Amino acid sequence: MSVPSKARAVIIGGGVIGCSIAYHLGKLGWKDVVLLERKKLTCGTTWHAAGLIAQLRATQNMTRLAKYSQELYFGLEAETGVATGFKRNGSITVALTDERMEELRRSVAMARAFGVEIDEISPSDIAGRYPGLLTGDVVGGVWLPKDGQADPVNITQALAKGARNFGVSILQDVKVTDVNQANGRVTGVETDQGPVEADYIVNAGGMWGREIGAMAGVVVPLHACEHFYIVTEPMADLTPNLPVLRVPDECAYYKEDAGKILLGAFEPNSKPWGMNGIPDNFEFDSLPEDFDHFEPILERAVERFPMLATTGIKTFFNGPESFTPDDRYILGEAPELDNFFVAAGFNSVGIQSAGGAGMVLADWMDRGEAPIDLWDVDIRRMQPFQANRSYLKSRVSETLGLLYADHFPYRQFASARGVRRSPIHNYLEAEGACFGEVAGWERANWFLPKVEQELGKKAQYEYSWRRQNWFEYSAAEHMSVRQKVGMFDMSSFGKIKLIGRDAEAVLQRIAANDVAVPVGKIVYTQFLNSDGHIEADVTISRLSLDEFLIVTPAATIRRDLHWINGHIPDGALAMAVDVSASESVFVVMGPEARSFLQPLIPQSLANEDFAFGTLQSIEIGYAVARAHRVTYVGELGWELYVSADMSAHVFEAIMAQRQSHPLAMCGLHALDSCRIEKGFRHFGHDISNENHVLEAGLGFAVKEEKLAGKFGVMIGADAVKAKRNDGLSQRLLQFRLRDPNPLLYHNEGIYRDGELIGYLTSGNYGHHLGSAVGLGYVKCSSVGETADAQLNANYQIDIAGKLINADVSLRPFYDPKGIQPKL
């Protein structure tokens, strides 16, 4: 078949991901879809994948997609006549330490909340289900009966046949050499067999995805790593149909197939590959053996499963797989180029993810917006610098091994750090900061007290599922903010300026709140989609008649800028610009914030002169800055926006004031524990594009009745009106444990009167309240059920299998009347 001159969509890449997207676009009724594969289907990574099919992932929606993949593969043979080899032989994960067992027990609670069948099992149960495995040092494990395994090549061929049955053209031996575009939108591709005009392009290029993205000017941060496994000779005494076995504390997984064992590894220090590009003739190739690298894994496996000691090795395999900077795959429409979609970087979970990823990406292309909350894997979370090859080589050497590392809360990446730093980074380091990283930004998460530094301690994490080494330090920071005054460096805030004569009119359509306010006013608002669901959670400050500052979390800056640019009407006189690095933000919060700052600032900070929700230009030291009177911790305070070149000077002036008025340096962990006491929402956890703004409890920030502006009514107005009329189907409630000892993180199950009804979207310890606090959605027993009826029930939270009684509230447990910020 020759390459067509035109297509509605061109999919680049014929692995399991590309074929799944082709299948699902065809199933949706798309015509003129073409898949182009540079060599043969599956020839890159898919052909040598282990084919493990698991259901449980780290979040509900990733789990939903994995479950969908299973169901799809289960039915493909009947649909296409191509056997996928899928069988549900179950899986076992083994814990060799108490910390790992705590992780598994928490995963059991999470899985049940997500609707995944799972059981905790004892060492004797493990030995019974996996004969020959030594379990003397095993603490316990979990059993997932619906997990299984399949043949990756046959799954791909079944998807390809299904796609062809829907009318999709699949062409092999056609290499895409360039991506064409005009006016910020794709127009087609160049191939070695001629051009193809297209309305949509999908980059499903696997380990070539970064280079394909570069053709289009799109950042796709992924890098190949060497992945090792062995396949044994047939083992006569091997029990048939063994479950998939994972022993993460030994970095190993076991798969029985046709009387042989496949033993694979995710070792802590992996080997990046293809730094200088992947050979053009790479096809069904393997990489050189490195037995020395794999030998420690094999030695432990022989001790764990002695039958291996007397078995020969049939195959020692080393093949490349692509990994991303955060171990999550890359999905969605690129913010740099309209109608250029990406599905790549699957971090060794491509087979179990392909069905669901293909389904939601096809749906995204069809609808024009993501069908569910996909922020975990959204391409817009990636930063431009992350496509740097040196950065990727360093980072992926760590991320491969993290698949089987302990998934401790607050765990930070150790590699490729220090890329983006606040202008006062070195000052914070001298103050004892322990840094975490978000979107490349180094941010102070907590501070080691001076007295501890003098004893020789280091500001370093000691990870655990229990109270970590920094817990009491962060508690002291929290209480300083509640009782006195503390300072956070929030220079990593995303900052977008919308400038132009039509800026107000554009924002009146995009923002749910009313931004037609006087200069100097700050508006808290959400951006909604047409369903009334939340696409962004921001503050908007009016700097002048034609200039607004939109402040957003560091992690969502590219997402929010993309949303704004996508909703500026053609011909509108407005331009959005990312100015995040231009200003530092020093946040001074607490009941004593005014008395601390006033000696530094000649402008009056009194209530009558500086109201809550406003901003003013100020003088501080020898500099000029802006003070914004808002809060994310629920206390009196100001955010000081300082030009980057004056930031060090202003920080020095603030530190000098400490000699007459103590000020606690505070980190992001204390910020989060304060905000959850106050019930403030966290985008990506508590609110997303699946959550209706009213059900999230944010109706006070929505003005759907505001007058239609130059560019029409606000987005989502009709959905908000309908929800107000019809009633809520769920509410976001706050929970406080009655037991002061357990810790909450997120995804713990919520029980109402003994019935599992949901899970916590976020959690932390409320140091002022004296116990752990969480937020979570509680479904109404019927549409319109009153809040009082929901609150008049007994609630418990499932923490690692133990149900802990909890108080519940619609209003924040801390300062429910909102008095503190307006003192």
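The following legends describe an overview and several close-up views of a predicted model.

**Figure 1. Overall fold and dimensions of the protein.** The predicted model contains 19 helices and 39 strands. Its radius of gyration is 27 Å, close to the 28 Å that the globule rule gives for 823 residues, so the protein is as compact as a globular protein of that length. Along the principal axes, the C-alpha atoms occupy a box of roughly 85 × 65 × 55 Å. Of the contacts between residues at least 6 apart in sequence, 72% connect residues at least 24 apart.

**Figure 2. Surface, interior and charged side chains.** Buried residues account for 62% of the 823 residues. The exposed surface of the protein amounts to about 30,500 Å², of which carbon and sulfur atoms contribute 49%. The protein carries 79 positive and 102 negative side chains, and a distance of 3 Å separates the centres of the two sets.

**Figure 3. Close-up of Cys251, with a note on Cys780.** With a disulfide defined as a pair of cysteine sulfur atoms within 2.5 Å, the count in this model is 0. Cys251 accordingly takes part in no disulfide, and the nearest cysteine sulfur, that of Cys225, lies 14 Å away. Cys251 has a relative accessible area of 11% and is therefore classed as buried, the cut-off being under 20%. Cys780 also counts as buried, because its relative accessibility is 12%.

**Figure 4. Close-up of Asn445 and its contacts in strand β22.** Asn445 belongs to strand β22, which spans residues 441-447. With a relative accessibility of 6%, Asn445 is counted as buried. Leaving aside residues up to four places away in sequence, Asn445 touches Gln412, Cys434, Phe435, Gly436, Tyr461, Gly667, Leu668 and His669.

**Figure 5. Close-up of Asn183 in the loop between β9 and β10.** Strands β9 (176-182) and β10 (185-191) flank the loop in which Asn183 is located. Although Asn183 is not a glycine, its phi is positive, at about 55 degrees. Most residues other than glycine have a negative phi. Asn183 is exposed, as its relative accessible area is 83%.

**Figure 6. Close-up of Asn241 in the loop between β12 and β13.** The loop that holds Asn241 runs between β12 (223-232) and β13 (244-247). Asn241, a residue other than glycine, likewise has a positive phi, near 60 degrees. The relative accessible area of Asn241 is 45%, so this residue is classed as partly exposed.

Definitions and conventions: Residues are numbered from 1 along each chain as its sequence is written. This is a predicted model: local features need pLDDT of at least 70, side-chain atom pairs count only at pLDDT 80 or more; totals for chains, interfaces and linings use all residues. Side-chain values use heavy atoms; hydrogens and water are left out. Helices (H or I, at least four residues) and strands (E, at least two) are DSSP runs, numbered from the N terminus. The radius of gyration is taken over C-alpha atoms; the globule rule is 2.2 Å times the number of residues to the power 0.38. Buried means under 20% relative accessible area, exposed over 50%, partly exposed in between (1.4 Å probe, protein chains only). Contact means heavy atoms within 4.5 Å. Accessible areas come from the Shrake-Rupley method with a 1.4 Å probe; for residues, only the protein chains shown count as cover. Lys and Arg count as positive and Asp and Glu as negative; His and the chain ends are not counted. The place of a charge is taken as NZ of Lys, CZ of Arg, CG of Asp or CD of Glu.
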